[in-house]
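Biologist: Take one part of this model and go through it closely. Then place that part against the rest.

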Amino acid sequence: MFETIVQAVINGLLIGGIYALVSIGVTLIFGVVKIVNFAQGEFVMIGMYISFYLATQFGIDPLVSLVVSMPVLFVVGVLIQHFLIRRVLGPNDMPQIFLTFALSLLLLNLSLMLFTANYRTVHTWYSDEAFHLGGLYIPYAKLIAFVVAMALSGALWVFLHTTDLGKAMRAASQNRDVASLMGINPNRVFAVAFGLALALAGAAGSLLMPFQSAYPFVGQVFVLMAFVAVVLGTLGNVIGALVASLMMGVAESLGIQFVGADSGLLVVFLMFLLTLVFKPNGLGGGKAR
Amino acid sequence: MKNLNMRTTLGLAIGTAVLIALPLVVKSSFAIDIFIRILLFAFIGVAWNLMGGYAKQLSLGHAAYFGLGAYTSTILQVNHGISPWIGMVAGGGVAMLASLPIGWLCFRLRGPYFTIATIAAAQALMLIFLKFRDLAWGAEGTTIPNLGNAPLMMQFEAKAGYYYVALGLLALGLAITYRIEKSWMGYYLVAIGEDEDAAEAVGVNAPRIKRDVYLISAFLTALAGTLYTQYIYFIDPATAFNFNISIEAALVSIVGGIGTLWGPVIGTILLETTSALLQSWLGGTIGGIQLTVYSLILMAVILWRPTGLMGYFSEIYARRRVKPAKA
Amino acid sequence: MADALVIQNLNKRFGGLRAVQDVSFTVRENETLALIGPNGAGKTTAFNLIMGFHRPDEGSVKAFGKEIVGLRPHDVCAHGLARTFQVAKPFGAMTVLDNVMTGAFLHHRSPDAARKKAREVIEFVGLSARETTAAKDLTTIDQRRLEMARALATEPKLLLLDEVMAGLNPSEVDQAVTLIDRLSNSGLTIVIVEHLMRAIMAVAKHIVVLDHGQKIAEGNPKEVMANPEVIRAYLGSYAHAPAGASS
């Protein structure tokens with residue numbers, strides 16, 4: 001029994017690392033640009049397809065294709081911020097919500113047309129390998145994904161705390177005016193924030209590829225998870241999003257273990273509801289301004 | 001003023017006559033099917049627009065009430081033999097009851113997080129109907145016994161029957177919206193949508209108004225759920241709580257003109273016609289094409305015409321009115 | 001004269017900041033009281049506490065003999081208190097008339113009656129020519145007028161004006177002063193937060209001075225201006241020295 005719990009916790013932590021990459025992206029965009037990116041999950045999906053095609057066409061390992069998916073998505077993020085998001089920034093929620101929502105719909109349905117709904121998998125030499133620690137079972141692919149995810153989160157944290165641009169981003173997420181006082185062009189800050197967030201989503205996609213099938217709807221699971229984690233961890237807070245994501249992963253995994261294989265999402269929604277009931281003021285960003 | 005009212009009344013009378021005569025003239029089952037979809041989704045859009053359009057509470061979870069309406073009437077009919085006409089109203093009641101706790105939770109959030117909370121609520125309801133098989137047939141769903149032509153059980157041999165029910169619902173939704181729009185409540189809703197603090201400062205009880213309009217919106221959406229299920233003779237959680245219903249409810253209003261009486265109707269006509277044309281051009285269905293086009297239309301509207309088609313029309317109308325005055 | 005508003009030991013903290021500390025003062029019916037002080041003195045917070053936008057940590061606010069702490073803003077409004085916002089908050093997409101009607105609906109549920117009431121106050125503040133303009137297209141002073149009209153449409157007994165003159169040019173200030181005088185003459189009790197000393201001297205006989213959340217002086221304009229505490233508070237804040245502002 002004890003071992004089962006430990007195993008479930010480990011599984012949860014490992015997948016929680018991926019959730020963290022997605023939620024940190026969401027929280028970064030929310031903090032800096034002040035919008036919620038409904039399409040974040042679709043960028044995870046795109047990251048997966050990039051890795052899938054690099055693996056099947058050129059035999060590149062998904063973990064290596066990280067160096068392609070991240071920069072590609074960074075550029076995509078900068079372009080989206082520059083050509084789309086920038087035009088709807090302002091006090092009005094409606095266009096912001098529905099623009100990123102439309103983007104999510106568009107990417108999802110375009111991929112349905114381009115890639116069909118079929119599941120795509122990449123098999124690597126480590127896909128089926130695992131550590132055995134006593135009775136515990138730790139798959140290589142998930143462990144690598146977790147470690148890389150934590151390293152990327154750490155790198156982002158260092159970036160936000162040591163570079164001028166990073167500090168400007170943190171300032172912008174506290175107070176918009178401070179950033180412009182620092183003499184930094186807010187449009188550049190926004191574009192980089194959006195780019196970084198998408199690069200993280202792309203990384204999540206590549207890291208998932210060795211043990212998770214790609215299909216057009218795959219991002220939706222991750223984005224829902226991320227929204228809940230971001231609210232739990234207080235909006236705009238990177239560390240909060242990280243910790244909350246790991247917690248969500250564990251909660252989901254325990255739910256699957258003890259309630260039933262189809263109950264993971266139900267547990268997540270339950271957590272969301274409980275957050276709303278008990279921590280409504282922790283949702284400071286609920287005001288969204 | 002009088003003159004304008006006369007013209008409006010005349011227009012409405014002619015429009016109604018045409019809509020009533022339509023199924024008598026058009027016999028194509030494909031066409032009638034499209035008309036029914038337009039009426040039904042326009043009605044759902046009208047229900048959404050009351051809350052999402054006027055008060056700007058941007059829900060993407062109205063499938064929750066559509067599904068509850070559909071399931072209530074179906075359970076009453078299949079398990080207890082009760083007519084869906086009664087089940088329809090009962091479903092509306094169930095939806096209203098459900099909207100109270102869901103609203104209590106979701107209205108704690110503003111902006112995008114309100115929207116996310118509504119999505120989560122609808123998804124959670126779908127999961128409940130999937131998981132708890134004792135509640136209602138689980139994931140397999142059930143078919144509705146075909147009774148042939150039984151108007152009292154909301155079943156019609158000719159599609160025209162469903163057409164008239166949908167038309168009646170849309171008329172009801174528009175009448176309710178019109179009444180609200182012209183009353184103090186309409187002003188209060190728009191005020192809440194514009195600035196909730198300022199609204200409170202002039203005596204608007206924002207939480208109560210939002211709760212009340214959510215009740216009405218949920219009730220109406222549930223009615224559509226019953227009709228839809230009767231029309232397709234089948235129910236399962238994936239159809240009844242389909243996220244696409246939540247999307248379309250919001251989409252038709254935004255494209256047509258958010259917070260306007262006719263916006264959802266115009267938006268639905270545009271979107272559903274486009275979708276029907278796509279289907280006939282491409283023959284059969286290519287997965288994803290419909291929503292790809294919808295999302296492009298939505299993006300175009302948001303970027304270039306945030307007030308929707310209604311806003312565009314009224315601009316043109318205003319320009320035409322101003323010109324002669326200058327001359 | 002009876003007391004319109006009695007504020008006792010009002011306290012509010014935001015995190016470590018004591019925004020309002022032990023503030024007490026009384027507004028008598030039909031007087032115009034000015035609440036002044038340097039930026040960040042707690043004036044707007046005091047308004048928010050009175051109107052129910054924030055809940056005080058301690059203290060009592062009695063309006064016309066009734067405790068209103070704990071009521072939500074719309075309830076406070078129903079008790080005869082109305083306010084304007086420092087940064088005008090018009091319902092931008094609505095016309096001027098519709099904005100003001102929204103206020104009038106508090107006491108007149110029928111649209112015709114509300115429209116009649118709204119036109120009355122719109123005329124009073126001098127916005128009749130702008131009735132069908134969308135609120136977001138108004139000039140600054142007209143937005144201020146609109147704020148006032150919308151508040152007046154709720155038929156308040158006590159009106160709280162939060163910096164209605166900020167950003168107005170001298171002749172517009174004169175118009176605003178005249179307007180406030182007329183309101184006062186019509187029997188309304190007014191509490192005004194204002195930086196502009198010239199305007200304060202013109203409208204208020206009774207002044208309360210806040211600094212760092214505390215009341216440091218109270219009295220008629222002459223007494224207050226002679227008070228060394230007040231002079232020090234204003235010299236400490238470079239922006240709004242009374243002497244400079246009155247020039």
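**A hairpin and its sheet**

Modeller: Ala63(C) has Lys66(C) as its bridge partner in S5(C). Lys62(C) is bridged to Glu67(C), also in S5(C). This is a predicted model: local features need pLDDT of at least 70, side-chain atom pairs count only at pLDDT 80 or more, and totals for chains, interfaces and linings use all residues. Residues are numbered from 1 along each chain as its sequence is written, while chains are lettered from A and ligands numbered from 1 in the order in which they are written.

Strands here are DSSP runs of E with at least two residues, helices are runs of H or I with at least four, and both are numbered from the N terminus. Two strands pair if DSSP finds at least two bridges between them. S4(C) and strand S5 (residues 66-67) of chain C meet that with two bridges, in the antiparallel sense. Together they form a hairpin, with two residues between the strands. Phe64(C) sits in the turn and has a positive phi of about 50°.

Now step to the next strand. Strand S1 (residues 3-14) of chain C runs antiparallel to strand S4 (residues 58-63) of chain C, and five bridges join them. Leu5(C) stands opposite Ala63(C) of S4(C). Ala63(C) also has Lys66(C) as a partner in S5(C).

Zoom out to the whole sheet. It is open, has four strands, and follows the order S2-S1-S4-S5 (chain C) with antiparallel pairing. Strand S2 (17-28) and S5 of chain C are the edges; each has a single partner strand, so one side of each lacks a neighbour in the sheet. Strands of a sheet pair through backbone hydrogen bonds, either parallel or antiparallel.

A helix lies over this sheet. Helix H1 (residues 43-51) of chain C crosses S1, S2 and S4 of chain C. H1(C) runs at about 65° to S2(C). Axes are lines fitted to C-alpha atoms, for helices over the stretch in contact, and angles run from 0 to 180 degrees between N-to-C directions.

Chain C has another open sheet, with six strands in the order S6-S7-S8-S3-S9-S10 (chain C) and mixed pairing. Its edges are strand S6 (81-83) and strand S10 (214-219) of chain C, each paired on one side only. The twist averages 20° from one strand to the next. S6(C) runs parallel to strand S7 (residues 158-162) of chain C, joined by three bridges. Arg83(C) stands opposite Leu160(C) in S7(C).

How does chain C sit relative to chain A? No contact (C-beta atoms, placed from the backbone, within 7 Å) joins chain A and chain C. Their closest C-alpha atoms lie 11 Å apart. Of the two pairs of chains in contact, chains A and B share the most contacts. There, 33 residues of chain B are in contact with 32 residues of chain A. Helix H5 (112-131) and helix H14 (289-304) of chain B each supply at least two residues to the chain B side.

One more spot in chain B: Gly308(B), in helix H15 (residues 308-326) of chain B. Gly308(B) counts as buried (20 or more other C-beta atoms, placed from the backbone, within 10 Å; exposed is 12 or fewer, partly exposed in between), because 25 lie within that distance. Residues touched by Gly308(B) include Ile254(B), Gly263(B) and Val301(B), leaving aside residues up to four places away in sequence. Leu298(B) is ten residues from Gly308(B) along the chain, and their C-alpha atoms are separated by 9.5 Å.
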